[in-house]
Amino acid sequence: MDANATTCAVFCTIVPPHVLDKLARAEDPALSGPARRTLERDALERTRRRITTVRALAAPTGAPSDKPKRTIFDAGRKEHLPGKKVRGEGGRPTADDTVTRAYDGLGATFEMFLKSYGRHSIDDSGLPLNATVHYGEDYGNAFWNGEQMVFGDGDGEIFKDFTIPVDVAAHELTHGVTQYTANLDYFGQSGALNESMSDVFGSLTKQFQLGQTAEEADWLIGAGLLADRVSGVALRSMKAPGTAYDDDVLGKDPQPATMDDYVRTSRDNGGVHINSGIPNHAFYLVARALGGHAWERAGQIWYDALTGGELASDADFADFAQLTVAAAQARYGKGEEQRAVLEAWTKVGISDLRARMGTVVGAR
């Protein structure tokens, strides 16, 4: 993105509104109270983000470092940002495990993007990474507000501390990567792509940190976040969208895996957290088909498509699919990588790519 460009006013959370809406209607006030407060806070932050003047991106000053510049703040269970500084880059660890996990999560994301794709922080120019922990009273979410990460402690009934899964931090920071590159509109299919990018690179960060292959990975987003009383394993599953939870309070995971079950709704910005299951599943299929470490070939193709400058802000699934097929050929030629990408999109219901791309897609 050009240094003089502007970014859209997007407020992104890890827990979808439809989950919190369901919780807010629970009969038990221990469940409904925190959910309602979280929804109210999210609505306020969303409005604040919309009305805040979007600033031009600052031009890079000198060569960016291969080291992150992290600062962790403590909101002290209040709702004022950023809060009190409790740890800076290279500073001594504190006795607060939440602070440590937030610091490490920012670092893990920085390292994955740097070592896998040569990207220096989320803006590729060494942008400092700031995060606030202990935000609000039983706040049940984590978000990227366009400038920094914010983590809630959860209510202990449904959600645990949001710093526990490293992919939560990586998911939210990837919204920043998208903000500084394709700047995908946060509505409909482009919004679902925006969410999917964050799930893809959030999962890749966890896999990179653990040294896992595509076969070894769990492909879950937010594993370890749900409290013991919840019948579920995570917020989302890229391997099997729609299976992450099935709970009497949360309801059933509504994500589709293919276009046959695409959800048309006016809620959640046109279902951005729901229909993201479709491109999520396409990426999973590519990663499993290629094998090995998913951040390498599969992740490289997705990264090239996201950052290559050709992805329009209002792109739909087919637009992005076409770019990934082209990116696979540009980097690897007409081989197994391109075939894996084409077959994955076909399996999730994006089936007109050969016609759209003509001779670009080689026959198997």
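**Exercise 1. Find the loop that holds His134, and describe the backbone and the burial of this residue.**

Solution. Start with the strands, which, like the helices, are DSSP runs numbered from the N terminus (H or I and at least four residues for a helix, E and at least two for a strand). His134 sits in the loop between β4 (129–133) and β5 (142–144). Next, look at the backbone: phi of His134 is near 55°, a positive value in a residue other than glycine. Finally, consider accessibility, where buried means under 20% relative accessible area, exposed over 50%, and partly exposed in between (1.4 Å probe, protein chains only). With a relative accessible area of 14%, His134 is buried.

The model is a predicted one, in which local features need pLDDT of at least 70 and side-chain atom pairs count only at pLDDT 80 or more, while totals for chains, interfaces and linings use all residues. Residues are numbered from 1 along each chain as its sequence is written, and side-chain values use heavy atoms, with hydrogens and water left out.

**Exercise 2. Describe Trp219 in the way used for His134, and then locate the cis peptide bond that joins Leu81 and Pro82.**

Solution. Trp219 lies in the loop between α5 (188–210) and β7 (220–221), and its phi, near 60°, is a positive value in a residue other than glycine. Its relative accessibility is 1%, so Trp219 counts as buried. For the cis peptide bond between Leu81 and Pro82, omega is about 5°, and Pro82 belongs to the loop between β2 (70–74) and β3 (84–88).

**Exercise 3. Work out why helix α1 is described as largely enclosed, and follow its contacts with Phe159 into the largest nonpolar core.**

Solution. Helix α1 covers residues 17–24, and 6 of its 8 residues are buried, so the rest of the structure largely encloses it. Those buried residues are Pro17, Val19, Leu20, Asp21, Leu23 and Ala24. Now turn to Phe159, for which contact means heavy atoms within 4.5 Å: leaving aside residues up to four places away in sequence, it touches several residues, including Val19, Leu20, Leu23, Leu225 and Leu235.

A nonpolar core is a set of buried Ala, Val, Leu, Ile, Met, Phe, Trp, Tyr and Cys residues joined through side-chain atoms within 4.5 Å. The largest such core has 92 residues, of which Phe151, Phe159, Phe201, Trp302 and Trp345 touch the most other members. Helix α3 (residues 97–117) gives the most to this core, with 9 residues. Apart from it lies another core of 6 residues, among them Phe11, Ala75, Tyr135 and Phe143.

**Exercise 4. Determine which parts of the chain are tied together by the salt bridges of Arg267 with Asp21 and of Glu137 with Arg77.**

Solution. Side chains of opposite charge can pair when their charged atoms come close. Here a salt bridge is a side-chain nitrogen of Lys or Arg within 4 Å of a carboxyl oxygen of Asp or Glu, and by this rule the count comes to 18.

Arg267 and Asp21 meet at 2.6 Å, N to O. Arg267 is in the loop between β10 (251–252) and α6 (268–271) and Asp21 is in helix α1, so the pair ties together parts that are 246 residues apart in sequence.

Glu137 and Arg77 meet at 3.0 Å, N to O. Glu137 belongs to the loop between β4 and β5 and Arg77 to the loop between β2 and β3, so this pair ties together parts 60 residues apart in sequence. Glu137 is partly exposed, with a relative accessible area of 43%, and Arg77, at 35%, also counts as partly exposed. As a last step, place both in a network of salt bridges that links Arg37, Arg77, Glu137, Asp138 and Asp153.
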